[in-house]
Amino acid sequence: MSKRIEVNDLNVYYGKFKAVEDVSMLIEPRSVTAFIGPSGCGKSTFIRTLNRMHEVIPGAYVEGQVLIDGDDLYGPGVDPVLVRRQVGMVFQRPNPFPTMSIRDNVLAGVKLNNRRISKSDADELVERSLRGANLWNEVKDRLERPGASISGGQQQRLCIARAIAVEPEVILMDEPCSALDPISTLAIEDLIEELKQDYTIVIVTHNMQQASRVSDRTAFFNIAGTGHPGKLIEYDDTRIIFSNPSVKATEDYVSGKFG
Amino acid sequence: MTATEAPPQTTPLKAKQRLGDIVFSRTSLASGAAILVILALVAVFLIAQSLPALVVDPEKFIGSPPSLWDYVWPLVFGTLWSSALALAMALPLAVGIALFISHYAPRRLSQFLGYIIDLLAAVPSVVYGLWGIGVLAPAVLPAYAWLTENLGWIPLFSGPVSGTGRTILTASIVLGVMILPVMTAICREIFLQTPVLHEEAALALGATRWEMITMSVLPFGRPGIISGAMLGLGRALGETMAVAMVLSPTAIVSFALLQSTNPSTIAANIALSFPESYGVNVNLLIFTGLVLFVITLIVNSIARYIVNRRKDFSGAN
Ligand SMILES: Nc1ncnc2c1ncn2[C@@H]1O[C@H](COP(=O)(O)OP(=O)(O)O)[C@@H](O)[C@H]1O
Ligand SMILES: [Mg+2]
C-alpha cells in the first residue's frame, strides 16, 4: 500500500517569489521522514508539493519532478484530485468539517465522486479507521455528534482517521501536534509509529525531540535570510542528523543554537 | 486553602469608570431601545387603526365582501405566492452568482461583477416596475403562450393565457430581479469568509472544486444564505411599486401563473386603493398592513429557528 517518493530538482514558487530551491530527495516506503528547520524555510511549502496542494494558492507553481513509484505527479494529464486521494494530508490545526458528524467526517473522503457505500460497509470502515487512529474507544458512543464537539487532540486523530479511510499510499503531516497538549501529542506520536507499518509518512515538526522519537530519516531545511529561498541542507538517518551531522548548520540547529 | 489565610484585602479594587466606556455603552443601549420603541409605536398605530375594521359590518367595505377575511385572504395569498415565486427563482441564481464571484471567477472579473451587483441594488423600484411593463411583459408573452399550449395540463400553467403578459409570474420575475442583488451580496460575503482550513480539508481528501464547495463552503455559508433569503423575502413581501405597476389585480386565490386574473399583494393593494379610500376602508387597508407586519415577523422567526436549530454543527465555535 505504501510507495516510495522521489523528488528531483524541485523549485517551488509563489508567483515571482521562489520559496524553495532545488530539492532532491528519496523517501522510502513504510518509513517516517521528518522535516525540520527554522520558521519560514519552506517546510510547509515543500510538503504541500507532494500532494499538489501547493497549487491551490493562486499564482503558486513548481518546477521539477515528484515521482511516486516512478509516476510523475506533475506529468501532463495528471489529475491533482486523484493525486490527493493517493497522498493524504493532516494539517497543523485540526480541521474536521464542523457541519458533519464524527461518522460523516470519517466517511467524507470515501463518499467523494458519488461513490456509494452500503451502510454495513460504512459502519465497518468507520470503525476500522477510528481504531486505526486510536480514537474508536473515545468516540464510539457519540458518532453522530458534531466533528467539532471533541477535544483538539481527538479532532486531530479524527482528521487522521479521515485521511486513512480513503487508504492513501502516503500520509503528509504538517506540524500535526503544534496545536495540541503534551498528552495528545504523545497519542499522535504513538499513532505515527503504528501507521508506519502500512504507510509512507512525512511529517513536518518544530519539535526536535519529536523528530528524533518518531522518524527514521530527517531532512534539515534552512534559509539564508528573508526573501531567499529555503534549501535542503542535509538529509540522512535521524540518528546521524542528531548525533553526527556533516553540516555545521545542522549541528547548530539540532543542538538549539538557533531556530 | 490553609488556615493561615492572608487577611481580606482592606482596600478592594474599585472598577474605574471611563468616560469612553460610559458614552459607548449608553449610546448602544439607547439605539437598542430606540428600535424597540419604534417597532412598538408602529405596532400600536397599526392595531389602533385596525380596530374599527374589525368591529364594523363587512357590508360597508368596498366591494361588500361577505366578511373581513374574504377581503384579506386573497391579498395574503397573493403576497405569499408572489414572494415565494420570486424567492424560488432568485435564490438559486443568487447562490450561483455568489459562488462564481467567490470561487470561480478570476479576481478582476469578480470585482467587476460585484460592482455590477451592487449597482443593481441601487436601482429604484419604479424603474423595475417600468421595465416589467415595458420590456419584460411583452418579451415573455410568446413563452407564456407556449407554456399554456404544451404544459397547460399542469395547473400552474393552465390557460387561457393573459394577452398582456402582465401576470403574477411576470410580477414575481420583477420581484426576483429586485431581491437578487442583496441576496447575492450577502451570499458572496459569507462564501468569501469560509475558513481556508475547511476548504483545504476537502481538497486534500481529493475533492473536486464543486465537491469542496458542497463540503465546506455551502455548509459554512448556510446561515448566511438563509439570512440573505429572508432579507430578500422581506423585501419581496413589502414591495409596492413594482407589483402595483405590473399587475391588474382581481380578488381571487389562484395558483395559475399565466392567466389574466391575478391576486394582488397587500402592499400593492394599499398603494393602489389608498388614494380613493375613505372612512372605514382606510381602517381596512391599515388592517391589511398589520397582517403584512405579522407575516414578516413570522417569516423572520422561522428563519431564526432554522439558523439556530443546528447550531452545534455550525462551526461557529
Ligand atoms: N500563501 C503564500 N503566499 C506567498 N508566500 C508564502 C505563502 N505561504 C508561505 N509563503 C512564504 O514562503 C516561505 C516559506 O514558508 P513556509 O513554507 O510556510 O515555511 P515553514 O513552514 O518552514 O515555516 C516564507 O517566506 C513564506 O513567507
Ligand atoms: Mg509551516
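In which strand of chain A does Gln65(A) lie? In this predicted model, Gln65(A) belongs to strand E4, which covers residues 60–68 of chain A. The residue is partly exposed, its relative accessible area being 33%. Once neighbours within four places in sequence are set aside, Gln65(A) is in contact with Glu6(A), Val7(A), Asn8(A), Leu10(A) and Asp72(A). One of these partners, Val7(A), is separated from Gln65(A) by 58 residues in sequence, yet the two C-alpha atoms are 5.8 Å apart in space.

The chain that contains this strand was examined next. Chain A comprises ten helices and ten strands. Its radius of gyration is 18 Å, close to the 18 Å given by the globule rule for 259 residues, and chain A is therefore as compact as a globular protein of that length. The C-alpha trace of chain A spans about 55 × 45 × 30 Å along its principal axes. Of the 259 residues in chain A, 55% count as buried. Among contacts in chain A with a separation of 6 or more, 68% are accounted for by residues 24 or more positions apart. The pairing of Gln65(A) with Val7(A), 58 residues apart in sequence, illustrates how distant positions may be brought to 5.8 Å from each other, C-alpha to C-alpha.

The surface and charge of chain A were also computed. Chain A exposes about 10900 Å², of which carbon and sulfur atoms supply 47%. The chain carries 30 positive and 35 negative side chains, and 5 Å separates the centres of the two sets.

Cysteine pairing was then considered. A disulfide is a covalent bond between the sulfur atoms of two cysteines. Over all chains, the count of disulfides is zero. Cys41(A) takes part in no disulfide, and the nearest cysteine sulfur, which belongs to Cys177(A), is 18 Å away. Because a disulfide requires two cysteine sulfur atoms within 2.5 Å, this distance of 18 Å rules out a bond between Cys41(A) and Cys177(A). Cys41(A) is buried, with a relative accessible area of 0%. Cys177(A) is likewise in no disulfide; for this residue the nearest cysteine sulfur is that of Cys159(A), at 12 Å. Cys177(A) is buried as well, with a relative accessible area of 7%.

Chain B was described in the corresponding terms. Chain B has ten helices and zero strands, and from the N terminus on its elements run α-α-α-α-α-α-α-α-α-α. The radius of gyration of chain B is 26 Å, well over the 20 Å that the globule rule gives for 317 residues, so chain B is more spread out than a compact globule. Its C-alpha trace spans about 90 × 60 × 35 Å along the principal axes. Buried residues make up 43% of the 317 residues of chain B. Of the contacts in chain B with a separation of 6 or more, 78% involve residues 24 or more positions apart. The exposed area of chain B is about 17200 Å², and carbon and sulfur atoms supply 70% of it. Chain B has 16 positive and 14 negative side chains, the centres of the two sets lying 11 Å apart.

Within chain B, one residue was followed in detail. Thr148(B) is found in helix H4, which covers residues 125–151. This residue is buried, with a relative accessible area of 16%. Beyond its neighbours within four places in sequence, Thr148(B) is in contact with Phe157(B), Ser158(B), Gly159(B), Val161(B) and Leu258(B).

Key
Residues are numbered from 1 along each chain as its sequence is written. Chains are lettered from A and ligands numbered from 1 in the order in which they are written. This is a predicted model: local features need pLDDT of at least 70, side-chain atom pairs count only at pLDDT 80 or more; totals for chains, interfaces and linings use all residues. Side-chain values use heavy atoms; hydrogens and water are left out. Buried means under 20% relative accessible area, exposed over 50%, partly exposed in between (1.4 Å probe, protein chains only). Helices (H or I, at least four residues) and strands (E, at least two) are DSSP runs, numbered from the N terminus. The radius of gyration is taken over C-alpha atoms; the globule rule is 2.2 Å times the number of residues to the power 0.38. Contact means heavy atoms within 4.5 Å. Accessible areas come from the Shrake-Rupley method with a 1.4 Å probe; for residues, only the protein chains shown count as cover. Lys and Arg count as positive and Asp and Glu as negative; His and the chain ends are not counted. The place of a charge is taken as NZ of Lys, CZ of Arg, CG of Asp or CD of Glu.
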